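Opened a fresh page for this one. I want notes on the ligand site and on how the nonpolar residues pack.

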Amino acid sequence: MPGEARSIGWIGTGRMGYEMAARLARGGADLLVWNRTRAKAEPLAQYGARIADQLADVAARDLVFCMVSTWDDVKQVMNALLAAPGKMPRLVIECSSISLEGSAELRKMLAARGIDYLAAPVSGNAKVIKAGRLSFVCSGPRSAFDEALPYLKMIGPAASWVGEGELARIVKICHNVFLGVVTQSLAEVTLLAQKAGVPRHAFLDFINQSVMGSTFTRYKTPAFVNLDFKVTFTPYLLRKDLDLGLDAGKHFEVPMPLASMTRDLVQQMMGRGWTEQDFATLLLQQAQASGLALEPENVEVGDGLSG
Ligand SMILES: NC(=O)c1ccc[n+]([C@@H]2O[C@H](COP(=O)([O-])OP(=O)(O)OC[C@H]3O[C@@H](n4cnc5c(N)ncnc54)[C@H](OP(=O)(O)O)[C@@H]3O)[C@@H](O)[C@H]2O)c1
């Protein structure tokens, strides 16, 4: 628990927000949580969090975290927060993956009310949060980062400050473009190896131990081997991030040929109606395109996170 404790407000308990708030509550933070669908926030009470009936209640907290979906959603909840009568937070820490432009607009909205703002998007999924491996990339005033840091550290061990303004947003956008492209590439080579006769688990066992293996290839391995596509990150949210990457590429005049192709492959997958499972169903789409009928291999494989 940080030395001079702050009261914390939390907006958004979806897949990510729930696990992040749970770590804060378990760590002993004084936490008041609001979610549009209240029932999703309620289990946080078991860790000592209080659940707000209205978004306006969160406005009176010292620090407010926000973890929703798109910039439109962030704007909606922030407008509602700022319309609350009475006390305003001193600092807003916005963790959703949004555009540089949206983030800059939010900074202006908050500055007009004298509220500090830290852009703090994250790398990792809900399982990564539970394993204590989430990382934040932050930008905004250094003083805001220093104030938020003890709480960021309660959620995940790594928090980098990359500079002023919205710089963290472009870092996160680049990260997720990489996520999409790597996943499609991993699907292609895994199925190429399979069609040539190598079981997926054997191929990925080698890749994971090679110099090309990563935390990410390891934690996607159970999905690729046993075809468990329980959602960690939706195709819809990945498409949003690839679009953000392509928009940034246009703005900064950087060609993004792989991002562009991957964006269309995600779109095709969504057009097939594969929207409710994990984005790793890119593997299934690639299998169809390769004339392969995939079966789970039913081999026990680790994810590099648990145990
Ligand atoms: N999943 C990942 O692996 C991952 C990793 C890194 C970053 N991210 C980013 O983190 C953010 C959250 O992702 P997630 O996977 O947690 O999404 P999610 O499970 O779909 O949760 C979205 C959350 O936002 C709330 N919300 C959405 N629109 C809203 C609105 N207009 N007003 C009020 N609340 C609204 C939802 O409330 P309800 O419960 O009422 O629907 C829910 O709490 C996204 O920006 C995503 O790109 C995700």
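Before looking at the inside, I fixed my terms: a nonpolar core is a set of buried Ala, Val, Leu, Ile, Met, Phe, Trp, Tyr and Cys residues joined through side-chain atoms within 4.5 Å. I also kept in mind that this is a predicted model.

**Core.** I pulled up the largest nonpolar core, and it has 37 residues. Met20 and Phe136 have the most contacts inside that core. I then checked which elements feed the core: at least two residues each come from several, including strand S1 (7-11), H1, strand S8 (135-139) and helix H6 (142-155). Next I listed what methionine 20 touches beyond four places in sequence, and Trp10, Cys95, Leu134, Phe136 and Ile155 are among them. There is also a second, separate core of 27 residues, with Trp34, Val64, Leu82 and Met109 included. General reminder to myself: in soluble globular proteins, nonpolar side chains tend to be buried together.

**Ligand site.** How many residues surround the ligand? I got 26, with Asn35, Thr37, Lys40, Ser69 and Thr232 the closest. By class, I sorted that shell into seven nonpolar, twelve polar and seven charged residues.

**Polar pairs.** I looked up three distances here. Lysine 40 puts a polar side-chain atom 2.7 Å from a ligand oxygen. Glutamine 76 has a polar side-chain atom 3.0 Å from a ligand nitrogen. For serine 97, a backbone N or O atom lies 3.0 Å from a ligand oxygen.

**Cover.** On its own the ligand has 900 Å² of accessible area, and the protein covers 91% of that. Helix H1 (15-26), helix H3 (71-82) and helix H10 (235-252) are the elements that give two or more residues to the shell.

How values were computed. Residues are numbered from 1 along each chain as its sequence is written. This is a predicted model: local features need pLDDT of at least 70, side-chain atom pairs count only at pLDDT 80 or more; totals for chains, interfaces and linings use all residues. Side-chain values use heavy atoms; hydrogens and water are left out. A residue is near a molecule or strand if one of its heavy atoms lies within 4 Å of it. A polar contact is a pair of N or O atoms within 3.5 Å; within protein, one must be able to donate a hydrogen and the other to accept it, and residues adjacent in sequence count only if both atoms are side-chain atoms. Accessible areas come from the Shrake-Rupley method with a 1.4 Å probe; for residues, only the protein chains shown count as cover. Helices (H or I, at least four residues) and strands (E, at least two) are DSSP runs, numbered from the N terminus. Ala, Val, Leu, Ile, Met, Phe, Trp, Tyr, Cys and Pro count as nonpolar, Asp, Glu, Lys and Arg as charged, and the others, Gly among them, as polar. Buried means under 20% relative accessible area, exposed over 50%, partly exposed in between (1.4 Å probe, protein chains only). Contact means heavy atoms within 4.5 Å.
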